[in-house]
Amino acid sequence: MNQNLETVVELQRSLIQLKEAEHRLHGIPDWMRELHDEHLAQKAEIAQLEEAAEEAGRERRSAETAVADTQERLKKYQQQINKVSTQREYGALLQEIDTVKAQISGFEDQAFNSLERYDRTQLELEARRNSFRELDERYNVELVRWEGEKPEFVRQVEALRSQIAALKQRLPRMILAQFERILERNPGGALAPIRLIERPGRGPREWHCGLCNYRVRPQTVVEIRNGENLVQCDSCKRILFLREDPT
């Protein structure tokens with residue numbers, strides 16, 4: 001395998017290692033994943049209860065405001081009773097008063113139901129917060145432990161970034177540009193290993209792209225082993241490389 005291809009293979013390996021190291025650095029380690037998920041779920045439940053309590057409080061206040069406003073209307077209607085001059089006006093006014101009283105009763109029921117819902121939610125919220133307290137303490141202890149381990153991952157990330165920069169410097173500009181274009185199209189990796197397939201009793205052995213399984217011509221394998229340029233798969237267009245030279 002030519003030197004440029006060896007450098008490209010090492011570059012991709014380093015890029016994969018960097019991605020994994022950054023994921024570990026900015027993510028949650030496996031040893032605290034279960035605790036993290038439980039902590040996150042309980043926090044979400046508490047947040048939902050808090051929102052439900054706030055909504056019940058808003059509904060109660062809105063209903064109480066409506067009661068006060070409607071009571072003012074009722075007072076005005078009641079003050080008009082002595083001013084009506086006909087039986088028809090009197091009947092219409094009584095009907096308005098009955099309607100307003102029914103509205104007041106409805107708003108009072110809304111306010112009472114909202115208050116009951118608010119009290120129930122607050123009781124449940126208090127219970128959830130009490131049960132969450134112990135979990136939160138354990139979670140914070142593990143976070144401190146995780147923060148203590150992060151500097152090592154930071155060092156790994158920095159070392160890999162320096163290594164990647166050095167590898168890129170070793171590559172000719174056109175080779176590096178070719179690799180980066182292919183990597184942009186295939187974020188999972190710009191390279192594909194060549195896989196040797198033995199066919200006992202069925203003719204000569206064959207080489208195939210290890211990712212798309214497209215057949216690789218024998219002369220292409222020779223070119224990869226002895227040439228200076230990067231060779232791409234005719235199908236998936238990734239850069240082909242040999243894990244070990246077939247003989």
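**Exercise 1. Contacts and overall form**

What percentage of the contacts in the chain with a separation of 6 or more comes from residues 24 or more positions apart? Use the answer as the start of a description of the whole chain.

*Solution.* Step 1: in this predicted model, residues 24 or more positions apart account for 67% of the contacts with a separation of 6 or more.

Step 2: list the secondary structure. The chain holds 5 helices and 4 strands, and their order along the sequence is α-α-α-α-β-β-β-α-β. The radius of gyration is 37 Å, well over the 18 Å that the globule rule gives for 247 residues, so the chain is more spread out than a compact globule.

Step 3: add the dimensions. Along the principal axes, the C-alpha atoms fill a box of roughly 115 × 45 × 45 Å.

Step 4: turn to the surface. Of the 247 residues, 32% are buried. The chain exposes about 16,300 Å², of which carbon and sulfur atoms supply 48%.

Step 5: consider charge. There are 39 positive and 43 negative side chains, and the centres of these two sets lie 8 Å apart.

**Exercise 2. Two helical residues**

Determine whether His39 is buried or exposed, and describe the setting of Glu96.

*Solution.* Step 1: His39 belongs to helix α2, which spans residues 33-79.

Step 2: the relative accessible area of His39 is 6%. Because this value is under the 20% cut-off, His39 is classed as buried.

Step 3: leaving aside residues up to four places away in sequence, His39 touches Phe132, Leu135, Asp136 and Tyr139.

Step 4: Glu96 is found in helix α3, residues 87-170. With a relative accessible area of 36%, Glu96 is partly exposed.

Step 5: Glu96 and Leu74 are 22 residues apart along the chain, and 8.6 Å separates their C-alpha atoms.

**Exercise 3. The sheet**

Establish the strand order of the sheet and explain why one side of β3 and of β4 has no neighbour in the sheet.

*Solution.* Step 1: the 4 strands form an open sheet in the order β3-β2-β1-β4, with mixed pairing.

Step 2: β3 (215-216) and β4 (239-241) stand at the edges and have a single partner strand each, so one side of each is left without a neighbour in the sheet.

Step 3: strands of a sheet pair through backbone hydrogen bonds, in either a parallel or an antiparallel sense.

Step 4: strand β1 (residues 191-197) pairs with β4 in the parallel sense over 3 bridges. Pro193 has Phe241 of β4 as its bridge partner.

Terms used. Residues numbered from 1 in each chain as written. Predicted model: local features only at pLDDT ≥ 70, side-chain atom pairs only at ≥ 80, totals over all residues. Heavy atoms only, no water. Helix = DSSP H or I, 4+ residues; strand = E, 2+ residues; numbered from the N terminus. Rg over C-alpha atoms; globule rule 2.2 N^0.38 Å. Buried < 20%, exposed > 50% of the residue type's maximum accessible area, 1.4 Å probe, protein only. Contact = heavy atoms within 4.5 Å. Areas by Shrake-Rupley, 256 points an atom, 1.4 Å probe, with all protein chains shown as cover. Lys, Arg positive; Asp, Glu negative; His and termini not counted. Charge placed at Lys NZ, Arg CZ, Asp CG, Glu CD. Pairing = 2+ DSSP bridges.
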